[in-house]
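Got the structure open? Let's go through it together, one question at a time.

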Amino acid sequence: MDLKDLYRDVIVDHNRNPRNFGKLEPADAHAEGHNPLCGDRLTLYVNLDGDRIRDVKFEGSGCAISVASASLLTEAIKGKSRDEVKALFDDVHALLTRHDAAVDPAKLGKLAALSGVREFPARVKCASLCWHTLNAALARSSEPVSTE
Amino acid sequence: MSAVQPARVPAPELDVARIRRDFPILDQEVNGKPLVYLDNAASSQRPRAVIDAIREYYEKDHANVHRGVHTLSQRATDAYEGARDVVRHFINAADTKEIIFVRGTTEAINLVAQSFARPRLGPGDEILISALEHHANIVPWQIVCEQTGAKLRVIPISTTGEVDYESFERLIGPQTKLLALAHVSNALGTIVPVERFIARAKALGVPVLLDGAQAVAHGPIDVRALDCDFYCFSAHKMCGPTGIGILYGRSELLEAMPPWQGGGDMILTVSFEKTTYNQLPWKFEAGTPHIAGAIGLAAAIRYLENIGMDRIARYEQQLLEYATARLATVPGLTIVGTAAHKAAVISFTLDGIHPHDIGTILDTEGVAIRTGHHCAMPVMDFFKVPATARASLSFYNTFEEIDRLVAALEHARSLLS
Ligand SMILES: Cc1ncc(COP(=O)(O)O)c(C=O)c1O
C-alpha cells in the first residue's frame, strides 16, 4: 500500500480547493449523502436541461477522498446525459472496487486519479458516497414533480 | 528545530518490555512497520495467559455446565463458577450471586433497562444520563422510555468534557427513577467523579447504574465503596475475550427483578401450568452461557491483578501526561476532552485533515488508532466536529510508541495540509 497512490496530487488539490462547491438555488433536484462510519456528509444539487446535467454543485464536509471525489464528479458530469452519467458511474464503480477493472483511463479523465482507492477497502465508501448521492438526486428528479 | 522541549520521559512504573512479551499480537509488523496499537478503548489485546486458559479449557475440560454428573461437566461448572468468584473479588462485590455473566456492557445495560427500569416506570418518571454517554448507555433508555412513557433527561457537559454537577443537582428529583452514568468516557477520556453524583442520588433514594466499560481495565474498582446499584463492563476491553461481560447488581434489587430471557438454566421447575425460576445469579443466565469466555475473563483478571491495578493506573497516567505534552507540539492539533481527571484516552482533531485520512495515513505507518464518532454522536455534536481521531493507551504501550504516533501525525500533515 502506497499512500502516494491514494493521495495523488489531483486528490490533494481537489480536497484543498473543491470545485463547484456550494449550493444551487433553485435546484431541480438535490440529495443528501451520509456516511455514518466516518461522519462524511454532503449535499448534491443538480439542474437539468431536459435529459442533460446543466449544472451541479455540492456542499458538506468529509475526508479528503470524499471531498475530492465529489469535486471530480461535478467536473465530470456537467453537460452529460443521464445515460452517459450512468455509464460513467459504472466505470467509476469498477475502478474503485475491481482490481481487474478494464476501464479506459482516457474515458475517465481526471477521475482515474481515484484508482488508488481500491487498495484501501475501508475508503471505497468515501469515494463512492457522492456517486450514490447523485443517483438519489437524479432518481428524485425523474419522479413526478412534487408541490414542495 | 522546534523550540519546544521534548517532553521528559519519566522512569516507567512498569517493566513494559517484559509485559509486552506476554502479548503475542503486539509482536508483528503492519504495513512494514512494527505495530503500534493505540485502539485499546475499542478493544484491548489478550496476553498469552488468557489465550492459553481458553485453549486448555477446550482441549481438556469442555462440557455443558450445571447439567451433567460426568466429570467434564463438573470441571466445566467448577471453572465457570470459579470465574464468577474471581470477578466478584475483582470488583469487591459482597456475593457471587450479584455477578451475572452477560455478553458485554451493552447487554448488561439492556438487561437493567428491561428488567429493572421497565416495570417501575410510567409517565411522569425520568431517567437521568449525561451528555458524554456511549450509545449503549443512551439507546436502551430511549427504548424503555418509549415503552413506558417515561422521559430521558440529559445532564450537560462543559467544554472540557466534564459532567456539570450543578445542572445535575437541578435535574435530579423525586421524578428521577434511575441515574445511569459512564464511569469513564470512551470518547473524551473524562473520569467522571461518580462518587459525588452517587452520594446525591442515594440521598434522594435514586438507584444508580455505572457504565464501567472504560474504567475496569485502568484502575481498581470497588462496587461497595462506590455504593452503586449496578455496574456494567465488557471483558474484551480488559484483556479478556469478546462476547462476555458482567452485570453487577445489588442482590436486593436483582432478587426483586423478573427474569429477562427465558429458557434453560434460569428455571428450577417447568410445567405447562407453572414455572419457577432459578435463584440468582442463574435467574438471569438463560441458555448455555459463554463458558470459555468466563474462564478467559478470569484469566485476564488474574493477569491484571498480578501486575496490580494501582500500578497500571499510575503507569497509564504517565503515558497520558507524556502523550498530552507530545501531541501539544503538533501544529494544528486540538485535544477534544480536557477534563482535569482523565483516563489515557486522547481524542483530537488536526486542522485541515479529516480524522478518516489521519486514520489511513497512520495505519500505513503501523499505528492503529480509532477515527469516527466513537459511538458517541451527541458528544461529536456538542463539540461541533463530525468525528475525531482517538489514541487510547494501555499499560503495554510505551513512550516510544507515543513518539511514533507523533511522527506519523507529522507525516500526515506533510501529505495533506
Ligand atoms: C463507555 C462505553 N460503554 C459501553 C460500551 C459498549 O461495550 P460493548 O460493545 O462491549 O457492549 C463501550 C464500548 O465501546 C464503551 O466504551
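Q: Is B:Asp52 buried, partly exposed or exposed?
A: Keep in mind that this is a predicted model. The relative accessibility of B:Asp52 comes out at 23%. Buried would need a value under 20%, and exposed one over 50%. So B:Asp52 counts as partly exposed.

Q: Which residue meets the side chain of B:Asp52 in a salt bridge?
A: Look along helix α2 (residues 48–61) of chain B, where the two partners sit three residues apart, about one turn of the helix. The partner has 40% relative accessibility, so this Arg counts as partly exposed. The N to O distance is 3.3 Å, and the cut-off for a salt bridge is 4 Å. The residue you want is B:Arg55.

Q: Why can side chains like these pair up at all?
A: It comes down to charge and distance. Side chains can pair when their charged atoms come close, provided the charges are opposite.

Q: What is the N to O distance in the salt bridge of B:Asp61 and B:Arg75?
A: This pair links distant parts of the chain, with B:Asp61 in helix α2 of chain B and B:Arg75 in helix α3 (residues 71–91) of chain B, 14 residues apart. B:Asp61 has a relative accessible area of 22%, so it is partly exposed. B:Arg75 is partly exposed too, at 39%. Their side chains meet at an N to O distance of 3.0 Å.

Q: Where in chain B does B:Lys177 lie?
A: Start from its salt bridge with B:Asp125, where the closest N and O atoms are 3.2 Å apart. B:Asp125 sits in the loop between α4 (105–120) and β5 (126–130) of chain B, and the partners are 52 residues apart. That places B:Lys177 in strand β7 (residues 176–182) of chain B.

Q: Is B:Asp125 buried or exposed?
A: Its partner B:Lys177 has a relative accessible area of 29%, so B:Lys177 is partly exposed. B:Asp125 has a relative accessibility of 13%. The cut-off for buried is under 20%, so B:Asp125 counts as buried.

Q: Which residues of chain A do salt bridges that share partners join into one network?
A: Here the bridges link up through shared partners. The network is made of A:Asp13, A:Arg19, A:Glu75 and A:Lys110.

Q: How many salt bridges are there over all chains?
A: You've already met some of them, including the one between B:Asp61 and B:Arg75. Counting over all chains gives 32 salt bridges.

Q: How many salt bridges are there between domain 1 and domain 2 of chain B?
A: The domain assignment gives domain 1 (16–43 + 309–416) and domain 2 (50–306), and their C-alpha centres lie 28 Å apart. The contact takes 35 residues from domain 1 of chain B and 32 residues from domain 2 of chain B. There are 17 residue pairs in polar contact across this interface. The salt-bridge count, though, is zero.

Q: What area is buried between domain 1 and domain 2 of chain B?
A: Carbon and sulfur atoms give 61% of this area. On the domain 1 side, the elements that give two or more residues are α11 (309–327), β14 (345–350) and α13 (377–382) of chain B. The total buried is about 2,700 Å².

Q: Which residue of chain B forms a salt bridge with A:Arg123?
A: Now move to the interface of chain A and chain B, where there is one salt bridge. Its closest N and O atoms are 2.8 Å apart. The partner is B:Asp357.

Q: Which element gives the largest share of the side of chain A that touches chain B?
A: The contact takes 21 residues from chain A and 18 residues from chain B, and about 1,500 Å² is buried between the chains. Across this interface there are six residue pairs in polar contact. On the chain A side, α1 (3–6), α2 (9–16) and α3 each supply at least two residues. The largest share, three residues, comes from α1(A).

Q: Where in chain A is confidence lowest?
A: The mean pLDDT of chain A is 89. Helix α3 (residues 64–77) of chain A has the highest confidence, at 96. At the other end, with a mean of 81, is helix α5 (residues 105–108) of chain A.

Conventions: Residues are numbered from 1 along each chain as its sequence is written. Chains are lettered from A and ligands numbered from 1 in the order in which they are written. This is a predicted model: local features need pLDDT of at least 70, side-chain atom pairs count only at pLDDT 80 or more; totals for chains, interfaces and linings use all residues. Side-chain values use heavy atoms; hydrogens and water are left out. pLDDT is the predictor's confidence in each residue, from 0 to 100. Helices (H or I, at least four residues) and strands (E, at least two) are DSSP runs, numbered from the N terminus. Buried means under 20% relative accessible area, exposed over 50%, partly exposed in between (1.4 Å probe, protein chains only). Domain bounds come from an automatic or database domain assignment. Contact means heavy atoms within 4.5 Å. Buried area is the accessible area (1.4 Å probe) that two parts lose on being put together, summed over both. A polar contact is a pair of N or O atoms within 3.5 Å; within protein, one must be able to donate a hydrogen and the other to accept it, and residues adjacent in sequence count only if both atoms are side-chain atoms.
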